[in-house]
Amino acid sequence: MTLNGDHVVYDKIITNVGKGYDANTGVFTVSVPGLYMIHYHALAQLGKRMWLDLYQNDKYINTAFGEAPSTYADHGNSAILELHVGDKGWVSGRPGDTVILYGDASDEQLYATFTAFLLSPAQHGIFTTVGNDRKVPAFSVGLTHDIDNTQTGLTTHNVMFDRVWTNQGGVFNMATGEFRAIVHGVYVFHYHAISATNTEVLIDLYHKDQYIDSLYGHHTNGWAGGSNSATLRLSVDDTVYLHMSTNSTTEMPGSPNAIYTTFSGYLLSPTTN
């Protein structure tokens, strides 16, 4: 598919419970208000550019980008958004740029995907709560500026985010870059980033001081994306955060209209301790 600012119209329906996705327009329309998790991914054609943006109504949310000579570049991104009845979400190619996505359904090669699902419904306009009348814990944050782990004056190698889409329950601390659990439970975390051209990105996910997993990206003379996730059982006051590895130079680009690096998490199920 070649895009010039157009919506990505996904033509293979895998799941469409509630019929919220319109295969004629590529637009998802909300019929039940609540907190939604959204994921999207794509692969560029060989040696071409993949530059996609996620929108809520006409509001820009974040970006997936990839470009590398003589190879296939891929990336994806996520967001947790508070949506109301009639709100619309879609993925489009970056305006003013020719975007060429790769895919071949006949050969079972589906790389470009778009997923949205309800995490918690709103009841009478008020979002549901878990224990002590607190909102269901969920956060989604992004990075709107360049950052690297060699910058002068860094006081922490935690990734410090500066854009907030969701912070239900006040669970994410922007001053420390840490999520803190407010109820015992099973939580899910997703994170994404890309490297600057000709550099590496290496990010580690930590639960308290315990290493969990990593993302990595690097292309010579290109931009490389990485993503990962984890499902963790947490107790009250447990922390989860992203850390720029000190084993190599990590550089991540970003700007207010090009948010590639994101971190999201939510309570999947409360438990007893």
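Two strands are said to pair if DSSP finds at least two bridges between them. In this predicted model, strand 18 (residues 200-207) and strand 19 (residues 210-218) pair in the antiparallel sense, with eight bridges.

**The chain as a whole**

The secondary structure of the protein chain consists of 23 strands and zero helices. Its C-alpha trace spans about 50 × 50 × 30 Å along the principal axes. A compact globule of 273 residues would have a radius of gyration near 19 Å, and the 18 Å of the protein chain therefore agrees with a compact globule. Of the 273 residues, 51% count as buried. Among the contacts with a separation of 6 or more, 73% are between residues 24 or more positions apart.

The accessible surface of the protein chain comes to about 12300 Å², and carbon and sulfur atoms contribute 48% of that surface. As for charge, there are 25 negative and 13 positive side chains. The centres of these two sets lie 7 Å apart.

**The sheet around strand 18**

Strands of a sheet pair through backbone hydrogen bonds, either parallel or antiparallel. Here five strands form an open sheet with antiparallel pairing, in the order 15-16-21-18-19. Strand 15 (172-173) and strand 19 are the edge strands, each pairing on one side only. Strand 18 has strand 21 and strand 19 beside it in that order. The table sets out the two pairings of strand 18 and the bridge partners of L205.

| Partner of strand 18 | Sense | Bridges | Bridge partner of L205 |
|---|---|---|---|
| Strand 19 (residues 210-218) | antiparallel | eight bridges | D213 |
| Strand 21 (residues 239-244) | antiparallel | five bridges | L242 |

L205 thus has a bridge partner in strand 19, namely D213, and another in strand 21, namely L242.

Strand 18 and strand 19 also form a hairpin, with two residues between them. K208 lies in the turn of this hairpin and has a positive phi of about 55°.

**The loop after strand 21**

Which strands flank the loop that holds S248? That loop runs between strand 21 and strand 22 (251-252). Leaving aside neighbours within four places in sequence, S248 is in contact with N149, E200 and L202. Of these residues, E200 and L202 fall within the range of strand 18, residues 200-207. S248 and E200 are 48 residues apart in sequence, while their C-alpha atoms are 7.7 Å apart in space.

Technical notes
Residues numbered from 1 in each chain as written. Predicted model: local features only at pLDDT ≥ 70, side-chain atom pairs only at ≥ 80, totals over all residues. Heavy atoms only, no water. Helix = DSSP H or I, 4+ residues; strand = E, 2+ residues; numbered from the N terminus. Rg over C-alpha atoms; globule rule 2.2 N^0.38 Å. Buried < 20%, exposed > 50% of the residue type's maximum accessible area, 1.4 Å probe, protein only. Contact = heavy atoms within 4.5 Å. Areas by Shrake-Rupley, 256 points an atom, 1.4 Å probe, with all protein chains shown as cover. Lys, Arg positive; Asp, Glu negative; His and termini not counted. Charge placed at Lys NZ, Arg CZ, Asp CG, Glu CD.
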